[in-house]
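Me: I would like to learn how to read burial, helix ends and cavities from a set of coordinates. Could you take me through them with an example?

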Amino acid sequence: MRKLERRAVICLLLAAVLILGTGVFAYRFFRYGREWATYYGNGNVYDEGILKSGRVYDRGDRLLAACGDGTIYYNDDWEIRCATVHAVGDPDGNIATGALASFRDSMIGYSPVFGTYRMRTGEGDCHLTLDAEACRTAYEYLAAYQAGCIGVYNYKTGEILCMVSTPAFDPADPPAAGEEGEDGLYLNRFLSATMVPGSTFKTVTSAAVIENLPDYEDFNYYCEGTRWVGDEDLNCMHVHGEVDFEGALISSCNGAYSVLTERLGAETMKIYAARTGMTASYSVDGIETVPGSFDFPTDSALNLGWAGIGQYHDQVNPCAMMIYMGAIANGGKAALPHLLEKPRLLKKYTDQLLEARTAAKLTEMMRRDVTEGYGEGNFPGLALCAKTGTAEISGQDPTGWFCGFLDDPDHPLAFCCYVENAGEGIVTAAPIVNAVLQELVNQ
């Protein structure tokens, strides 16, 4: 009888182990099956490390890349190839943000039930939200500079219409490993880099001012070109004379914004850098953007002032800045960006990055930036709201920024562009933005 009991216990234990093992396998199968199927060693899917089939298209069904016969066939136009290489990918898989690497599971068509079903039908298509012509226009401008990037997206739907990063290269004729000038070619600066934002960050400081300083409309500051903080100086690019809060943004007065930053304090600035998404890492169809970073010191009024202006240790990701611009345009929150075409029902939004009244006030101020500062004639036909930035970096020429949105219900577009080591944003980045927006709006 005892022997029978022992055998029964052993059988029950074996059954429990079997059930537990089956459960673990089932969990791992559903959790990691997609990764197993897309592993580069899978000979059913890859031929010499390249998908056996699959095509990448832009939003207008223009073919950007096609896989087959152990190679990748790219678009016939070399400018489009260069303009979209960071969105499409290269043959060696060095560009982590490329569709050929990031969206291969979509192209393979994996499902736990049917496996890699698209590999059997040869219908592994990947449709991107990008407009190839807008990307080409951006590349033609950006290629004249050392490095830079631009992103434009629909802040209502989340569709990224233009995403270009330079330096770029022709994926149909990629550089050899170790070739001179190869450094930085594979980096998608829009998604995977951070940069000193310069005065574009004043839009974040402005949001903090509107929501935390009740008397901000009574603010006045007389700019003499230099503000002395103790025995150290904080300089403006020009002598602005007397400015109020709105005038401080239009003239981009460093002195005025350093005073406002001091009044807000380091803790409030830290809160607003996080709240507005400047320190967030966003997921663009599974591609994680690099989070920004900030240091708002409590022991140095001078450095705190510089941090509120967009200098000091400030680092911003361009995609995060673009999303913030979309939130200003859209009442405080915006659609999260995506590169894969999706049903409209699937769009997702950010949290409330700022109050609706704050967004409305910033929209008014940024519109005045254009009409009274940058010149509306430089952006014909565009209801543009924008802010420039000229980021000072030690030992280098300034990096120029231009960020903003269209206050136009028919074209709800937000944008962010920067050009490295090239000078003021209004001279370098603004013409790029204008050219791309004209291409998108006038199609």
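Reply: What follows is a short walk through one helix, one cavity and one loop residue in a predicted model.

Me: How many of the residues of helix α2 are buried?

Reply: A residue counts as buried when its relative accessible area is under 20%. In helix α2, residues 78–88, 10 of the 11 residues are buried, among them Ile80, Cys82, Val85 and Val88. These buried residues pack against the strands β3, β4, β5 and β10 and against the helices α3 and α6.

Me: What is found at the start of α2, and what follows the helix?

Reply: At the start, a side-chain oxygen of Asp77 comes to within 2.8 Å of the backbone nitrogen of Glu79. After the helix comes Gly89, whose phi is positive, near 115°.

Me: Which residues line the largest cavity, and which element gives the most to the lining?

Reply: A cavity is a space where a probe fits but cannot get out. The structure holds one cavity of 30 Å³ or more, and the space within the largest cavity is about 30 Å³. Its lining includes Leu64, Tyr74, Asn75 and Pro171, while α2 gives the most, with five residues. By character, the lining divides into six nonpolar residues, two polar and one charged.

Me: Why is Asn330 classed as buried?

Reply: Asn330 is classed as buried because its relative accessible area is 18%, and the cut-off is under 20%. Asn330 sits in the loop between α13 and α14, and, leaving aside residues up to four places away in sequence, Asn330 touches Tyr155, Lys156 and Tyr349.

Key:
Residues numbered from 1 in each chain as written. Predicted model: local features only at pLDDT ≥ 70, side-chain atom pairs only at ≥ 80, totals over all residues. Heavy atoms only, no water. Helix = DSSP H or I, 4+ residues; strand = E, 2+ residues; numbered from the N terminus. Buried < 20%, exposed > 50% of the residue type's maximum accessible area, 1.4 Å probe, protein only. Contact = heavy atoms within 4.5 Å. Polar contact = N/O pair within 3.5 Å; in protein donor to acceptor, adjacent residues only side chain to side chain. 1 Å grid on protein atoms, 1.4 Å probe; cavity = no way out; pocket = protein on both sides within 12 Å on 5 of 7 lines; lining within 4 Å. Points joined across faces, edges and corners; volume = space filled by probe spheres on them. Nonpolar A, V, L, I, M, F, W, Y, C, P; charged D, E, K, R; others polar.
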